[in-house]
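Subject: Handing over a structure

Hi,

Here is the structure I said I would pass on to you. Have a look at it first, and then read on for what turned up.

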Amino acid sequence: MDQEKALELVKSGATLLLLDVPQYTLIGIDTLVFSVGPAFKGIKMIPPGVHFVFYSSSTRDGKEFSPIIGFFIDAGHSQVVFRMWNQQEERLLKVSEEEEERYSQAVRNLEFDKHLGPYDLSHYADWKRLSNYITKSTIERLEPIGGEITVTYESGMVKNTHKSAMERALDEHLRNSKFSTPAEEPPKRGCYYTPIPRIIKRKGIESEQLTSLNLDKTELLETLLVKDYGGSEESVLGELQFAFIAFLMGQSLEAFMQWKSLVSLLFGCTEAPFHTRSQLFTKFIKVIYYQLKYGLQKDPSVAEAGASALLDDSWFSSDSFLHHLCKDFFSLLQDASVVDGDLLLWTRKLQELLENSLGWEFQQKSAVDGIYFEEDDEYAPVVEMLDEPSGSKPTTA
């Protein structure tokens with residue numbers, strides 16, 4: 001990159017100014033992680049938009065790390081986001097508006113420029129795929145008071161919830177640290193996630209109808225879309241991405257459980273993917289595909305830094321909730337009479353990713369675009385491109 005282009009990016013991009021951060025502290029933004037050196041004072045050339053900042057303080061030798069603290073920002077053009085390290089609390093704190101403006105002006109005058117590490121734009125495409133539905137309103141609706149997301153505040157929130165063996169292991173892993181929250185610190189409120197009931201209960205209806213409502217979550221999805229998401233499909237996807245990032249980068253157990261609830265809700269719909277919400281489900285499959293593609297990649301450099309931002313394969317064993325949900329959903333597509341072409345395409349990509357990355361097997365018969373049917377099966381689905389003119393003929397399997 002030539003000097004003129006770099007200077008343009010420095011001036012137009014946002015800057016994260018972080019002062020007095022101790023050496024060896026891990027600082028992350030989006031998919032990037034830095035180990036703080038003696039001259040580090042922040043990150044420059046950050047593309048405007050939504051980002052997730054996270055950090056973990058360390059012992060003096062840099063070998064042990066505290067639980068991660070993270071927060072979302074919506075950075076504007078040329079904006080300076082400023083935090084100062086508090087040695088006593090071992091965390092980054094906001095400063096007064098007057099002090100923030102003074103330091104922001106110093107950044108614009110390039111006084112800190114040689115101490116700022118550049119945002120690696122080659123990783124930005126990965127971040128956009130993980131966060132493209134998160135907006136400023138998503139952050140404002142979901143973030144906790146104060147904005148900080150950390151597992152150390154979550155002991156009371158998830159203590160009494162039902163957890164699988166995998167979730168119990170994750171809980172223990174996230175809490176197994178020599179760093180702990182002081183006993184006198186008051187409990188803090190977590191994120192304001194949308195409550196997703198695991199089981200639908202309703203008085204005054206027949207047992208068969210109640211069973212049907214629990215087998216097909218379409219009606220529950222429609223109710224939540226109207227009541228909690230203002231009818232916006234993208235708000236659902238934004239919360240799904242928010243929770244995944246807070247879990248993966250921020251190591252929040254509460255966020256993992258919300259991600260699981262949303263994934264279970266969407267995969268639990270049998271009518272919506274093919275009739276009322278085909279476009280939503282195509283976007284959903286695309287979102288979860290990119291989440292798992294990123295999370296399951298092998299990048300030992302991140303793990304060795306002490307703050308692994310990648311999923312452990314063992315969390316997704318063949319008897320996990322995700323395997324069962326995907327297997328049922330793939331089977332649902334097999335039995336459907338009409339399938340949107342884009343939905344079929346992205347479901348095929350998701351299936352291949354799970355088979356190749358995790359070694360999962362989904363037993364079907366033979367293949368049409370990665371979903372399996374007999375070649376002469378009269379019950380194989382019709383692949384219909386819903387955005388084509390109404391007069392065009394669907395492609396049959």
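The accessible areas below come from the Shrake-Rupley method with a 1.4 Å probe. On that basis the protein has about 20,300 Å² of accessible surface, and 48% of this belongs to carbon and sulfur atoms. Please keep in mind that this is a predicted model.

First, the overall picture. There are 14 helices and 14 strands in the protein. The chain has 397 residues, of which 49% count as buried. As for contacts between residues at least 6 apart in sequence, 72% of them join residues at least 24 apart.

Now to a helix pair. Helix 3, residues 124-131, packs against helix 9, residues 233-248, at an angle of about 125°, and their axes are 8 Å apart. Helix 3 is therefore oblique to helix 9; the reasoning is that angles from 65 to 115 degrees count as roughly perpendicular and those over 145 as roughly antiparallel, and this one falls in neither range. On the helix 3 side, the contact is made by Trp-127, Arg-129, Leu-130 and Ser-131, and on the helix 9 side by Gln-241, Phe-244 and Ile-245. By type, the residues of this contact are four nonpolar, two polar and one charged.

Next, the salt bridges. Side chains of opposite charge can pair when their charged atoms come close. How many salt bridges does a search of the whole structure find? The count is ten, and here are some of them.

Asp-113 and Lys-44 pair through their side chains, with 3.2 Å from N to O. This pair links distant parts of the chain, 69 residues apart: Asp-113 sits in the loop between helix 2 (97-108) and strand 9 (116-118), while Lys-44 belongs to strand 4 (residues 42-46). Are the two partners buried or exposed? Lys-44 is buried, at a relative accessible area of 12%, because the cut-off for buried is under 20%. Asp-113 has 23% and is partly exposed.

A second pair brings us back to helix 3. Arg-129, one of the residues that meet helix 9, forms a salt bridge with Asp-126, at 3.0 Å from N to O. Both residues lie in helix 3, three residues apart, which is about one turn of the helix. Arg-129 is partly exposed at 34% relative accessibility, and Asp-126 is also partly exposed, with a relative accessible area of 29%.

Helix 9 has a salt bridge to show as well. Glu-234 pairs with Lys-283, and their closest N and O atoms are 3.7 Å apart. Glu-234 lies in helix 9 and Lys-283 in helix 11 (residues 278-295), so this salt bridge ties together parts that are 49 residues apart in sequence. Both ends are partly exposed: Glu-234 has a relative accessible area of 42% and Lys-283 has 25% relative accessibility. Elsewhere, Glu-89, Arg-91 and Glu-148 are joined into one network by salt bridges that share partners.

Then the backbone. Most residues other than glycine have a negative phi. Which residues have a positive value here? Asp-30 is one of them, with phi near 60°, and Ser-78 is another, with phi near 65°. Each lies in a loop between strands: Asp-30 between strand 2 (26-29) and strand 3 (32-35), Ser-78 between strand 6 (69-75) and strand 7 (80-86). Asp-30 is buried, with a relative accessible area of 1%, whereas Ser-78 is partly exposed at 21%.

Last, a residue in strand 7, namely Asn-86. Asn-86 is partly exposed, with a relative accessible area of 23%. Leaving aside residues up to four places away in sequence, Asn-86 touches Arg-91 and Leu-93. Arg-91 is also a member of the salt-bridge network with Glu-89 and Glu-148. Between the C-alpha atoms of Asn-86 and Pro-22 there are 9.9 Å, although the two residues are 64 apart along the chain.

Over to you, and cheers!

Conventions. Residues numbered from 1 in each chain as written. Predicted model: local features only at pLDDT ≥ 70, side-chain atom pairs only at ≥ 80, totals over all residues. Heavy atoms only, no water. Helix = DSSP H or I, 4+ residues; strand = E, 2+ residues; numbered from the N terminus. Buried < 20%, exposed > 50% of the residue type's maximum accessible area, 1.4 Å probe, protein only. Contact = heavy atoms within 4.5 Å. Axes fitted to C-alpha atoms, helices over the stretch in contact; angles between N-to-C directions. Parallel < 35°, antiparallel > 145°, perpendicular 65-115°, else oblique. Nonpolar A, V, L, I, M, F, W, Y, C, P; charged D, E, K, R; others polar. Salt bridge = Lys/Arg side-chain N within 4 Å of Asp/Glu carboxyl O.
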